[in-house]
Amino acid sequence: MSAPGPAIGDAADFSALDRAGLNLRAVFDLAALPAAMRAALDPAGRYRQLILLGHGGRTLWERVQAAGLQSAHPIDDFCVAVVEDWLAAQLPGRAYAIAYPGEVPVGLQALGRLAGWHHESPFRVGINTAWGSWFAYRALVLADTALPPTSPLPGESPCASCAGQPCVAACPAGALAGGDFSLAKCIAYRRQPDSRCRVTCVARTSCPVRPEHRYDDAQIAHSYARSLAMIERWGG
């Protein structure tokens, strides 16, 4: 594929993504990204832009459940289908590649920091003032588009002004004590048969930031059951 030609201004209606629950987005010009990040994402220089899509709150999970997908990765499969339909409808003829979900590791948190979505929390899940920790990265698209780049989500880390940080005291593994996160303590506790964190994170659910956006119990269990399965698979 040839390198991008002169930029042509694009406009797109994002309402279909919003209805599907993909209500977080950031558009970056690849040329404006750090050189190392740009080289990792688009080493051949085929695309002009990067579109980062995410979800905040419960809507995406509700849409996935309603779709009734019978697959190993229903959220990923749903998101890819929605994104491909949206690209075909709003940006027909534009070359694109979906980098995430995919097989190649992508630095989603680094992009989240650039987008203003991701601030570090004591329990090591990204957090921001708009959604608390109840958001996630769902798709990353390299595209030969010329959409208006977005501004970072405003706001500092809510943890900086959180009185008492109840998540630290709530962690039953003591993994957040002492001002540093102990992955070893977290994993060891989660693997215990009677662990309170096998299919949830007690520290995360104790966070007082934006509790109105908290996922329902089924979504939390889905996510943490998958992470526990990976721990058991690779941990022996």
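In the predicted model, Arg-210 is placed in the loop that runs between helix 8 and helix 9 (217-235). Although Arg-210 is not a glycine, its phi is positive, at about 55°, and with a relative accessibility of 35% the residue counts as partly exposed. A comparable description applies to Arg-124, which is likewise not a glycine and has a positive phi of about 65°; this residue is located in the loop between helix 5 and strand 4 and is partly exposed, its relative accessible area being 34%. Most residues other than glycine have a negative phi, and most peptide bonds are trans. A positive phi of about 65° is also found at Gly-68, just after helix 3, while the peptide bond that joins Tyr-100 and Pro-101 is cis, with omega at about 0°. Pro-101 belongs to the loop between strand 3 (96-100) and helix 5.

Helix 3 itself, which spans residues 59-67, contains the buried residues Leu-60, Trp-61 and Val-64. These residues lie on the same side of helix 3, because the arc that they cover around the axis is only 100°.

The aromatic side chains were examined next. A pair of aromatic rings is described by the distance of the centres and the angle of the planes. Four aromatic pairs are present in the structure. One of them is formed by Trp-117 and Tyr-137, whose rings are stacked, with 5.8 Å from centre to centre and 15° between the planes. Trp-117 is part of the loop between helix 5 (108-115) and strand 4 (135-143), whereas Tyr-137 is in strand 4, so the pair ties together parts that are 20 residues apart in sequence. Both partners are shielded from solvent in the sense of accessible area: Trp-117 is buried at a relative accessible area of 3%, and Tyr-137 is buried at 12%. Tyr-137 also pairs with Phe-135, in this case edge-to-face, with a centre-to-centre distance of 5.9 Å and an angle of 80° between the planes. Phe-135 is buried, as is Tyr-137, and Trp-117, Phe-135 and Tyr-137 together form one aromatic cluster.

Phe-135 recurs in the surroundings of Arg-204, a residue of helix 8 (residues 202-205). When residues up to four places away in sequence are not counted, Arg-204 touches Phe-123, Val-125, Ser-133, Trp-134, Phe-135, Tyr-215 and Tyr-224. The side chain of Tyr-224 is joined to that of Arg-204 by a polar contact of 3.1 Å. Arg-204 is buried yet has no salt bridge, the nearest side chain of opposite charge being that of Asp-217, at a distance of 11 Å.

A further arginine, Arg-196, is situated in the loop between helix 7 (183-190) and helix 8. With a relative accessibility of 52%, Arg-196 counts as exposed, whereas Arg-204 is buried. The contacts of Arg-196, again not counting residues up to four places away in sequence, are with Pro-172, Tyr-189 and Val-202. Between Arg-196 and Val-27, which are separated by 169 residues in sequence, the distance in space is 39 Å from C-alpha to C-alpha.

Note on methods. Residues numbered from 1 in each chain as written. Predicted model: local features only at pLDDT ≥ 70, side-chain atom pairs only at ≥ 80, totals over all residues. Heavy atoms only, no water. Helix = DSSP H or I, 4+ residues; strand = E, 2+ residues; numbered from the N terminus. Buried < 20%, exposed > 50% of the residue type's maximum accessible area, 1.4 Å probe, protein only. Lys, Arg positive; Asp, Glu negative; His and termini not counted. Salt bridge = Lys/Arg side-chain N within 4 Å of Asp/Glu carboxyl O. Polar contact = N/O pair within 3.5 Å; in protein donor to acceptor, adjacent residues only side chain to side chain. Contact = heavy atoms within 4.5 Å. Phe/Tyr/Trp six-rings, centres within 6.5 Å; stacked < 30°, edge-to-face > 60°. Arc of directions from axis to C-beta.
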